[in-house]
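Here is a short set of exercises to work through with the model open beside you. Try each task on your own before reading its solution.

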Amino acid sequence: MILRTFGWSFGVTVAGLLIALLYGGPAGLALVAVLAVLEISLSFDNAVVNAKVLDRMSPFWQKIFLTIGIAIAVFGMRLIFPLLIVGVTAKLNPYEAFDLALNDSDRYHQLMEDAYPMIAAFGGMFLMMLFLDFVFEERANKWLPWLERPLARIGKLDQLAVVVAGGALAFVSWLAADDPGEVMISGVLGMITYILVNGLGELFSGAGEDDDEGEGSEEGAGRSGPSSLALATGKAGFFLFLYLEVLDASFSFDGVIGAFAISTDPIVIALGLGIGAMYIRSLTVFLVRKGTLHEYVYLEHGAHWAIGALAVCMLVSIGHHVPEWITGGLGAGLIIAAFVSSVVRNRGEDEAGAAGDAGGPSVGDGAEKPLEPSTKTQ
């Protein structure tokens, strides 16, 4: 199971580290290894959310996500995207941007830093909308009931997520941004992207449910992301795939920018973050195949709270640098806490079930007892 799921990641790791050694020597090898660990630590919550959505996709679209999606994540977001940002910022064509990255790394780094407020606003607002849609929705299981219950109650107000996210964007733009107009535009584009992809996913998933009523649908109260269809196909599967790619892009913004604190070489950054992205993909598949999110029900909650923390960190970083160990530590800490809570919950249910079996009425005593409907919940 481990080798089948992580085999490609192991292979890419060996190839990537070998290329790093040939390209940059022992120093290059060390930098790539550090960047891979950074990417994994910053994106673990991404794997949990990806797994929740991937579990609803048909096998065909799962394969698309794990093949074409990997190419987009590794080469598109970790190599081409930074070059595009620099090219747009400095009004350079892709070749000139790549030449600048190789021959003038300090200037390349500075251009990326200059563009970061717009990048952080777009990614932060996309993730903020995802987080708010989750916490404002009523769901059967609650990890932090003292907080999630009141949030679900006020979440009945229509479009509250848009109001809260828009207010946060306006406040950050006014308080921290050097160019509030650019930050506002980027943040609004992030919100529009989330609303559009989310809405299209729900639209086509709803159409699929009407066509295949009773086949693979899930209860709406437990959904997360843009689809409530168990095995999305066709247009629904396409928009789930699109949703996951945009989500991965939003997560990768922080890692790409943070990587410049370790290296400004685009080849080293692409190798390190690419290796990390492969492990996130493999971890996503592992969570789906093992049914981990069904067994540990609070993991999804912890991942979304980690997304909320990352969104806040990205917005704060528009005006003040937030160290990568804080964003990575917050995400990992929330997911670990959710996992521990899930284990405690499962043990409590097992113990309650064992106690109920031990204390139940015996059968075969000769006395007839009336049958009562069972009220035990799983």
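The exercises below go from the overall fold to helices, aromatic rings and the surface.

A word on conventions: this is a predicted model, in which local features need pLDDT of at least 70 and side-chain atom pairs count only at pLDDT 80 or more, while totals for chains, interfaces and linings use all residues. Residues are numbered from 1 along each chain as its sequence is written, and side-chain values use heavy atoms, with hydrogens and water left out.

**Exercise 1. Take stock of the secondary structure and the burial of the protein.**

Step 1: Count the elements. Helices (H or I, at least four residues) and strands (E, at least two) are DSSP runs, numbered from the N terminus. The protein has 12 helices and 0 strands.

Step 2: Turn to burial. Buried means under 20% relative accessible area, exposed over 50%, and partly exposed in between (1.4 Å probe, protein chains only). Of the 378 residues in the protein, 48% are buried.

**Exercise 2. Compare the spans of helices α6 and α11 with what is expected at 1.5 Å a residue.**

Step 1: Recall the rule: the expected span is 1.5 Å times one less than the number of residues.

Step 2: Apply the rule to α6 (residues 160–176). Its 17 residues should span 24 Å, and the end C-alpha atoms are 24 Å apart, which agrees.

Step 3: Do likewise for α11 (residues 299–316). With 18 residues, this helix reaches 26 Å from first C-alpha to last, close to the expected 26 Å.

Step 4: Add burial. In α11, 16 of the 18 residues are buried, so the helix is largely enclosed by the rest of the structure. In α6, the buried residues are Leu160, Ala161, Ala165, Leu169, Val172 and Ser173.

**Exercise 3. Classify the aromatic pairs Phe60–Trp61 and Phe126–Tyr194.**

Step 1: Fix the criteria. Rings of Phe, Tyr and Trp (its six-membered ring) pair if their centres lie within 6.5 Å; planes under 30 degrees apart count as stacked, over 60 as edge-to-face and the rest as tilted. A search of the whole structure finds 8 such pairs.

Step 2: The ring centres of Phe60 and Trp61 are 5.4 Å apart with the planes at 80°, so this pair is edge-to-face. Phe60 is exposed at 53% relative accessibility, whereas Trp61 is buried at 13%.

Step 3: Phe126 and Tyr194 are also edge-to-face, with 5.4 Å centre to centre and 80° between the planes. Phe126 belongs to helix α4 (residues 105–135) and Tyr194 to helix α7 (residues 180–211), so the pair ties together parts 68 residues apart in sequence. Both Phe126 and Tyr194 are buried.

Step 4: Look for a cluster: Phe60 and Trp61 join Phe238 and Phe241 in one.

**Exercise 4. Find the charges over the rings of Phe134 and Tyr298.**

Step 1: The test asks for NZ of Lys or CZ of Arg within 6 Å of the ring centre and within 35 degrees of the ring normal.

Step 2: Arg139 lies over the face of Phe134, 3.9 Å from the ring centre. Over Tyr298 lies Arg345, at 5.9 Å.

**Exercise 5. Which contact partner of Ser43 is 237 residues away in sequence?**

Step 1: Place Ser43 in helix α1, where this serine is buried with a relative accessible area of 2%.

Step 2: The partner is Ile280, whose C-alpha is 7.0 Å from that of Ser43.
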